[in-house]
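Trainee: I am new to this structure and should like to go through it step by step. May I see it before we begin?

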Amino acid sequence: LGSLRFYEQYDLIVSAFAELRQEQHIIAKCNYLCCSSCGSYGIGEQASKMSRKRFDKLGGSIYFHRQGYNRFMEDGSLMIQFDGSMECEGHSLKGSDGPTEALGSKMLAKLVIAKLVSKGFKVSWTGNTNRCIEIIPFGINDYGSKVGHPTFLEGGFVTEAEQVLAQ
């Protein structure tokens, strides 16, 4: 991916989101609304309008907002929000009480990470379901400048996400 411009990498992200939407029955939005507050509210509104039958099949949600998209186009990093234990207007995903709530979000995070890695991205995630998944910047921005994490550019960079996937 290092030789791809950010808009080419963006196409791969859109493709990964589309595949996750189909394979995992999740709400997956790219460049969605202005910020995380509006994005979370918008996702909740969309989910609350689903039929109970459709909501029960929902695997969660992932998205990144316009502010994140703008940052991605500048430096290649992208923060992805996710929720595998949604609740809204009388609906709640199966197993969303107590300790299983975190398992739903953690499983969704692992699926998102695996999909992005399969597309060639390096990602970072702490394993904390209250923290975003981050695509690590590496590539050529739209101004022709090479950017990236120094240790990744030299090779051998192991992300926290790779450690989480190995568990």
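Trainee: Which residue in E3 stands opposite Ile62?

Mentor: This is a predicted model, in which local features need pLDDT of at least 70, side-chain atom pairs count only at pLDDT 80 or more, and totals for chains, interfaces and linings use all residues. Residues are numbered from 1 along each chain as its sequence is written, and side-chain values use heavy atoms, with hydrogens and water left out. Strand E2 (residues 61-63) pairs with strand E3 (residues 78-83) in the antiparallel sense through three bridges; strands (E, at least two residues) and helices (H or I, at least four) are DSSP runs numbered from the N terminus, and two strands pair if DSSP finds at least two bridges between them. The residue in E3 opposite Ile62 is Phe82.

Trainee: Which residue of E7 stands opposite Met79?

Mentor: E3 is also joined by three bridges to strand E7 (residues 133-135), and the two run antiparallel. Opposite Met79 in E7 stands Glu134.

Trainee: How large an arc do the buried residues of H4 cover around the axis?

Mentor: In helix H4 (residues 66-75), the buried residues (under 20% relative accessible area, with a 1.4 Å probe and protein chains only) are Gly68, Phe72 and Met73. They lie on the same side of H4 because their arc, taken from the directions from the helix axis to the C-beta atoms, spans only 140 degrees.

Trainee: Which elements are included in what covers the buried residues of H4?

Mentor: Contact here means heavy atoms within 4.5 Å. The cover of those buried residues includes helix H1 (6-24) and E3.

Trainee: Is Ile13 buried or exposed?

Mentor: Ile13 lies in helix H1. Leaving aside residues up to four places away in sequence, Ile13 touches Phe64, Phe72, Leu78, Phe121 and Ile135. Its relative accessibility is 0%, so Ile13 counts as buried.

Trainee: What separates the C-alpha atoms of Ile13 and Phe121?

Mentor: These two residues are 108 residues apart along the chain. Their C-alpha atoms are separated by 9.0 Å.

Trainee: How many disulfides does a search of the whole structure find?

Mentor: A disulfide is a pair of cysteine sulfur atoms within 2.5 Å. For Cys34, the closest cysteine sulfur is that of Cys38, at 3.5 Å, which is too far for a bond. Cys34 is partly exposed (between 20% and 50%) because its relative accessible area is 35%, and Cys38 is likewise partly exposed at 33%. The number of disulfides found in the whole structure is zero.
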